[in-house]
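Student: I have a structure open and want to learn how to read it. Where do we start?
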Amino acid sequence: MQQATDSSINELIYQMTLEEKIGQLNQPNASPDLNPDLLRQGSIGSLLNASGALTGQGFSDSGNADISNHFQKLALESRLKIPLIIGRDVIHGFRTVFPIPLAQAAAFNPDLAGEAASVAAREATASGIKWTFAPMLDIARDPRWGRVAEGNGEDPFLGAQLASAIVKGYQGDNLAAPDKLVACAKHYVGYGAAEGGRDYENGEISEPTLRDVYLPPFHAAVKAGIGTLMSAFIDMNGIPATANRRLLTNVLRGEWGFDGFVVSDWESVRELTHHGIAEDDAHAARLALQAGLDMDMVDGVYLDTLGESFQQGKISMEELDEAVRRILRIKHRAGLFDQPFTDPSRASRDILTPEARALARQAAVQSMVLLKNEHQLLPLQGFHRILMAGNFIHARAELFGTWTADGRVEDVTPLDESLRQAAPQGTEVWFADTPDLALNLAHHVDAVVLLLGEHPSRSGENCNVSDLSLPPGQAEFVDRMAALGKPLVLVVFAGRPLAITRQLAQADAVLYAWHPGLEGGAALGDLIFGQASPSGRLPITLPRATGQVPIYYNHKNSGRPLTTDGQFRTRYLDLPTAPLLPFGYGLTYTQFEYTNLKVSHATLRGSLEVSADITNTGARAGVEIVQLYVRDLIGSLTRPVRELKGFQRAALQSGESCRVSFTLREEDLAFTRADGTCGVEPGSFHVWIAPDSQRGLQGEFRL
Ligand code: NOJ
């Protein structure tokens with residue numbers, strides 16, 4: 001089968017002119033002024049944003065499929081009738097908007113993230129889109145960076161688990177199925193290391209950190225069969241990712257065996273001139289192509305210059321053919337040669353179904369993280385009158401978060417309405433639009449819920465901040481409300497970890513809701529009033545203040561860690577070193593006890609089992625995310641103080657216990673050494689079964 005496809009692709013390439021080959025590598029944006037003759041001539045291999053709001057085409061779903069079909073028809077009028085692959089940013093849902101990726105990561109539930117991706121695939125393909133620029137797999141250790149919202153947080157293990165589940169959700173087992181979407185792992189690689197959290201800035205990443213922290217989610221995506229990758233904007237270690245031959249070719253194709261294609265990010269080929277490694281567009285195009293970058297997004301630099309570069313002997317036909325072959329291979333795999341058009345009638349069946357909405361609600365419930373719950377204030381029960389206030393009380397589309405081109409405000413119940421509906425009989429819920437009104441009304445209620453945080457437009461691409469505090473005015477509002485002494489719940493909406501140190505101390509209960517998607521209001525109602533219990537965990541460290549970042553749990557010990565004596569230990573004079581709350585942290589409405597840690601063998605040979613009893617000691621049912629961490633005590637390179645190696649969901653009734661067991665294999669302990677080799681080193685290890693990255697039952701073993 002593969003052989004037959006390869007030979008039919010080679011046959012097609014044999015028939016292609018130089019111009020047609022270069023056309024396949026070209027991906028313009030489908031702006032209203034796009035010249036249709038370019039499609040008829042075979043000068044376009046892919047279109048970006050070919051449907052929906054961004055083209056100014058309005059909001060009709062079936063219209064979207066019609067628009068895609070219209071472009072496809074033009075492409076099929078070309079001499080060799082090669083279909084387009086139409087791409088779009090379907091990032092956390094299409095019309096059914098799921099929580100932002102960072103929030104989905106907080107669910108620690110890869111299966112659920114995979115199901116969300118498969119809903120997005122069904123909806124997007126019903127609109128004629130066959131390729132999404134997701135998942136974003138960038139590890140982020142600096143929440144000043146706005147794009148932290150789009151990724152899975154700081155941990156490579158969690159990131160890799162999510163990567164593979166999401167890729168399978170989008171692509172399924174058969175990319176040619178009408179409801180499956182080609183995925184694109186982005187931004188390859190190191191984009192999250194932008195200095196100062198400033199998007200597009202350069203970064204420095206050592207080889208071991210690149211290999212062991214930044215690359216694993218991408219490797220997992222490739223192992224899961226991802227069709228495409230996107231190169232990052234970043235200049236990493238002096239080589240812009242779009243021209244990094246070692247990473248795009250040696251690692252990706254050579255080491256990992258990736259056979260799909262790589263697309264640039266928006267104009268990132270031309271930007272090689274700005275980076276200062278290319279003297280002009282033609283030079284930039286050659287550098288990118290020869291590095292292994294197959295498709296040029298938007299800037300038209302491949303289209304405009306590769307022909308002449310070939311005539312001048314600066315690039316070879318083999319290089320061009322290889323890029324074309326990779327693109328045609330994915331088009332084949334996606335079934336586009338057999339089924340280039342979308343059935344417009346699918347939209348009415350496949351978009352925004354009740355099942356999709358229910359899944360979005362479940363995802364939102366599982367993504368919210370309970371950070372504090374003094375005196376078990378949550379769930380709110382037995383209160384006669386509750387006041388709700390804050391900038392999010394009427395939120396609708398604000399619940400979506402960044403990158404939601406296809407979400408619609410009319411699909412969202414306003415937050416106040418959702419909360420009113422969720423309140424139990426006999427509870428009056430009051431809403432106050434302004435802080436002054438809220439402070440007046442607060443005297444007459446039994447409890448206050450403040451719904452605060454950052455607007456989605458303060459999060460996402462190039463929405464970087466230098467200050468991680470709540471947006472202006474909100475801290476003062478919390479101060480004044482807290483001073484009244486009413487039971488106080490704080491719900492924080494955000495696309496990043498915010499430094500809420502003062503508010504965490506002031507409020508009795510704090511729920512981190514992120515940007516939870518179109519069912520966010522219903523999900524919040526479920527949690528606040530106890531129809532559901534929180535189970536989310538922080539997928540990224542919560543700093544005490546901006547000055548602590550970058551801060552992440554899997555840091556190195558240093559020569560002078562906190563555990564040593566003396567004044568000259570690693571510290572700030574004006575802040576504790578520890579974060580506000582660590583990676584993996586999250587509470588629920590019951591409590592869990594960890595006992596009886598057992599490590600099956602004193603020495604790991606091949607693999608061993610680590611297990612513990614988890615008991616629900618509280619009065620309610622709940623879900624505990626049980627985490628496995630290890631520390632390699634001595635290595636030829638310094639090793640992280642902890643690394644996540646596993647997690648499981650334990651759903652337990654009140655009083656119920658279960659034994660949670662993890663298998664740890666020798667290869668799970670491998671790391672990249674100074675000479676670039678990867679392997680395990682004999683010695684002692686600590687191991688924890690833990691509720692978060694700072695606590696837990698500790699055991700040990702040797703390798
Ligand atoms: C630029 C962004 O960096 C990338 O994530 C996105 O997929 C492309 N634009 C296409 O819109």
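Tutor: We start with residue classes. Ala, Val, Leu, Ile, Met, Phe, Trp, Tyr, Cys and Pro count as nonpolar, Asp, Glu, Lys and Arg as charged, and the others as polar. Keep in mind that this is a predicted model.

Student: How many residues of each class are in the shell around the ligand?
Tutor: The shell has 6 nonpolar, 1 polar and 5 charged residues.

Student: Which residues are around the ligand?
Tutor: Asp89, Phe133, Arg147, Lys186, His187 and Met230 are among them. The list also includes Phe233, Asp265, Trp266, Met297, Trp403 and Glu461.

Student: Which side chain has an N or O atom 2.5 Å from an oxygen atom of the ligand?
Tutor: That is Asp265. For His187, an N or O atom of the side chain is 2.7 Å from a ligand oxygen. For Lys186, a polar side-chain atom lies 2.8 Å from an oxygen atom of the ligand. Now look at the cover. Alone, the ligand exposes 300 Å², and the protein buries 95% of that.

Student: Next, the sheets. How do strands of a sheet pair?
Tutor: Strands pair through backbone hydrogen bonds, either parallel or antiparallel. Here, one open sheet has 6 strands with mixed pairing, in the order 11-16-15-14-12-13.

Student: Why is one side of strand 11 and of strand 13 left without a neighbour in the sheet?
Tutor: Strand 11 (369-373) and strand 13 (428-432) stand at the edges. Each has a single partner strand, so one side of each has no neighbour in the sheet. From one strand to the next, the twist averages 15 degrees.

Student: How many bridges join strand 12 to strand 13?
Tutor: There are 5 bridges, and the two strands run parallel. Strand 12 covers residues 385-389. Find Ala389: it stands opposite Ala432 in strand 13.

Student: Which strands does helix 21 lie across?
Tutor: Helix 21 (residues 520-528) lies across strand 14 (447-453), strand 15 (488-493) and strand 16 (509-512). The helix runs at about 150 degrees to strand 15.

Student: What is the strand order in the open sheet of 4 strands?
Tutor: The order is 20-19-24-25, with antiparallel pairing. Strand 20 (643-652) and strand 25 (697-702) are at the edges with a single partner each, so one side of each lacks a neighbour in the sheet. Neighbouring strands are turned by 20 degrees against each other on average, direction ignored.

Student: Which residue stands opposite Tyr629?
Tutor: Trp688 in strand 24 does. Strand 19 (residues 622-632) and strand 24 (residues 684-690) run antiparallel, joined by 6 bridges.

Definitions and conventions. Residues are numbered from 1 along each chain as its sequence is written. This is a predicted model: local features need pLDDT of at least 70, side-chain atom pairs count only at pLDDT 80 or more; totals for chains, interfaces and linings use all residues. Side-chain values use heavy atoms; hydrogens and water are left out. Two strands pair if DSSP finds at least two bridges between them. Axes are lines fitted to C-alpha atoms, for helices over the stretch in contact, and angles run from 0 to 180 degrees between N-to-C directions. Contact means heavy atoms within 4.5 Å. A residue is near a molecule or strand if one of its heavy atoms lies within 4 Å of it. A polar contact is a pair of N or O atoms within 3.5 Å; within protein, one must be able to donate a hydrogen and the other to accept it, and residues adjacent in sequence count only if both atoms are side-chain atoms. Accessible areas come from the Shrake-Rupley method with a 1.4 Å probe; for residues, only the protein chains shown count as cover.
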